[in-house]
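Biologist: Before we discuss this model, could you fix the terms you will use and then take me through its sheet, its helices and its enclosed spaces?

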Amino acid sequence: MTFSIDRRNLLQMLGLAAVGGSVLSRADIAYAAETDSVTIGWPSDVPSWDPNLRFVPDAQPLFKMVYDQPLDQAPDLKLIPNLITTWEPQPDGMSMPFEIRNDVKFHNGDLMTMEDIKYTFVDRIKSGLKLDIANSWRTLTDIEILSPTSGVMRFSAATPTAPQWLAFLGSYVVPKAYVESVGAEEFAKKPIGTGPYKLVDYQMNSRIVLERNEDYFGTKPKIKRVTIDIIKDPSARAAAIQAGQVDLTVNIPVREAERLGKVEGLVSEINPFTRLILLQMRNDKGFADQAIRLAAHHAIDKAALSKAFYGGAAVPLSVPATPGTPGYLPDYNFAYDPDLSKKLLADAGYSDDKPATFTLAATNGQFPSDFDIARALVQMWQKVGLKVELQQIEYSKYFELNRGGQLPEATLYSFDNATGDPEIFSGYLMNPKMPFGAWKGQEIGDKILKLFVEPDYEKRITGYKDLAKEIVETGANVPLLQSVQTLVRKQDLNYVKYGNAWVLGNTMSWS
């Protein structure tokens with residue numbers, strides 16, 4: 001389908017029209033929260049309470065309150081000890097000795113040992129269960145147990161990012177004895193972890209109730225009970241925080257967050273985090289010509305997109321990495337230059353009579369303002385002579401379409417990376433052997449495969465920085481913006497802000 005947007009609508013899209021909405025008073029909000037409990041309005045449920053089974057980025061904060069990962073991340077995303085106290089990747093990247101705590105108990109009182117670590121990361125994967133965690137640990141061949149608290153990870157190929165993966169996605173330790181005694185299905189119904197909270201009530205797609213783990217080995221949460229109301233509609237989440245039905249909510253429209261921030265007793269935040277908004281590019285079809293890809297990139301006013309749709313909080317990006325992460329290039333800038341776009345197209349033989357054409361796919365509601373951004377991009381491209389068809393796709397179909405080679409030339413996409421490591425930005429997005437990106441060029445893929453097994457940290461990071469520029473300068477990927485998380489909370493509810501947008505009940509307190 002194609003879209004035509006007149007000047008008035010485009011100005012509205014670019015944020016030049018006034019934002020309506022009345023300013024409410026404190027009386028419009030209920031304040032009945034107990035100081036030992038908190039209710040969070042969350043946009044989605046966990047895919048399963050077996051944390052090794054399925055990966056969904058928005059479920060990670062929920063898992064982290066019930067389970068523990070071997071390593072953790074500080075709010076600035078630096079790796080810190082957790083279940084593992086010391087770790088030492090070897091220079092060749094083929095093994096990693098490590099030590100674990102001796103005072104960690106699962107929620108049923110069983111002591112966690114090295115057997116549970118090996119069971120989670122080796123035995124469960126080898127059992128034949130279809131676990132997403134198997135993709136993360138495809139090079140891990142064994143964990144040699146030296147004592148109840150010491151062991152060695154051994155790999156089939158150099159795995160320099162093993163520490164990062166121990167703090168990422170589905171790497172949560174599960175109890176061997178319990179899972180083996182009740183089976184995987186029953187474990188998913190009645191989960192037991194080592195985390196700061198226990199699951200005490202669960203109504204699928206409706207409500208999660210957690211209570212403080214009084215035997216937790218780490219810092220005890222100040223909040224005794226955390227209730228997560230699953231509210232999928234963003235407008236309904238905004239209404240719930242306004243009515244006082246929840247104490248905190250996330251991922252509501254930016255304009256709603258700005259409006260609610262003017263309400264007495266509420267605080268709104270628009271926080272950039274480690275998620276990219278970008279264009280996944282093909283290297284064939286209408287994008288076989290590099291001139292078209294680069295013309296499309298130079299025509300995009302990223303600052304205008306940020307202002308229009310994210311209140312200016314979403315940082316415009318020139319490389320597929322977010323500020324403050326190891327692969328980011330703060331001094332590199334890919335210019336917004338529509339005149340250069342026109343020249344590139346003209347030099348390549350395109351004109352009004354022979355326009356360059358391609359299709360853009362975009363989701364509608366998968367991340368804030370996604371389809372509005374897509375429509376704005378179409379307008380920007382039309383101004384330089386690019387003729388673009390816009391089509392809507394379902395996010396759940398993205399990987400299916402990509403595997404089948406059915407994505408169009410460009411797809412507007414959001415890619416999450418809680419670690420911030422460039423392997424999980426450029427490496428996963430641009431590796432043609434993985435299902436994450438649409439670019440199938442083997443030249444870039446070969447360079448990525450070498451970086452995957454580069455054990456020297458500085459060489460690896462330098463390699464990814466060089467690769468990031470090559471990716472952009474050949475039009476293989478078009479980074480747009482650092483994504484943002486909108487958050488609205490009651491003024492007297494405190495929480496710890498993480499660079500990857502984790503919102504954790506165990507960091508909350510009332511003042």
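Modeller: Helices and strands here are DSSP runs numbered from the N terminus, a helix having at least four residues and a strand at least two. Please keep in mind that this is a predicted model.

Biologist: With that numbering, which helix and which strand each supply at least two residues of the lining of the largest cavity?

Modeller: The largest cavity has a volume of about 150 Å³, and of the 16 residues that line it, the closest to its centre are Pro57, Asp58, Arg275, Asn500 and Ala501. By class, the lining divides into nine nonpolar, four polar and three charged residues. The elements that each supply at least two of the lining residues include helix 2 (60–66) and strand 12.

Biologist: Which strand gives the largest share of the lining of the second largest cavity?

Modeller: The count comes to three cavities of 30 Å³ or more, and about 40 Å³ of space lies in the second largest of them. Its lining consists of Thr363, Gln366, Ile393, Tyr395, Tyr398, Thr411, Leu412, Tyr413 and Ser414, a set with five nonpolar, four polar and no charged residues. The largest share of that lining, four residues, comes from strand 15.

Biologist: Turning to the sheet, which are its edge strands?

Modeller: Ten strands form an open sheet with mixed pairing, in the order 8-9-10-1-11-16-12-15-13-14. An edge strand pairs on one side only, and the twist from one strand to the next averages 25 degrees. The edge strands are strand 8 (197–203) and strand 14 (386–392).

Biologist: Within that sheet, which residue of strand 11 stands opposite Ile40?

Modeller: Strands of a sheet pair through backbone hydrogen bonds, either parallel or antiparallel. Strand 1 (residues 37–42) and strand 11 (residues 248–250) run parallel and are joined by two bridges. Opposite Ile40, in strand 11, stands Leu248.

Biologist: At about what angle does helix 13 run to strand 14?

Modeller: Helix 11 packs on the sheet, where it touches strand 12 (266–281) and strand 16 (477–490), and its direction makes about 20 degrees with that of strand 16. Helix 13, for its part, lies across strand 12, strand 13 (356–362), strand 14, strand 15 (410–416) and strand 16. The angle of helix 13 to strand 14 is about 165 degrees.

Biologist: How many nonpolar, polar and charged residues has the contact of helix 11 with helix 13?

Modeller: Helix 11 (residues 302–310) and helix 13 (residues 370–383) pack at an angle of about 145 degrees with their axes 11 Å apart, and the crossing is right-handed. Helix 11 contributes Ala304, Leu305, Phe309 and Tyr310 to the contact, while helix 13 contributes Asp372, Ile373, Ala376, Leu377 and Met380. Because Tyr counts as nonpolar and Asp as charged, the contact divides into eight nonpolar, no polar and one charged residues.

Biologist: Finally, which residues are the closest to the centre of the second largest pocket?

Modeller: The second largest pocket has a volume of about 420 Å³, and strand 2 (71–73) and strand 3 (79–81) each supply at least two residues of its lining. That lining divides into twelve nonpolar, six polar and five charged residues. Of the 23 residues that line the second largest pocket, the closest to its centre are Asp72, Tyr216, Tyr498, Asn506 and Thr507.

Notes
Residues numbered from 1 in each chain as written. Predicted model: local features only at pLDDT ≥ 70, side-chain atom pairs only at ≥ 80, totals over all residues. Heavy atoms only, no water. 1 Å grid on protein atoms, 1.4 Å probe; cavity = no way out; pocket = protein on both sides within 12 Å on 5 of 7 lines; lining within 4 Å. Points joined across faces, edges and corners; volume = space filled by probe spheres on them. Axes fitted to C-alpha atoms, helices over the stretch in contact; angles between N-to-C directions. Left-handed = near helix turned anticlockwise from the far one by under 90°. Contact = heavy atoms within 4.5 Å. Pairing = 2+ DSSP bridges.
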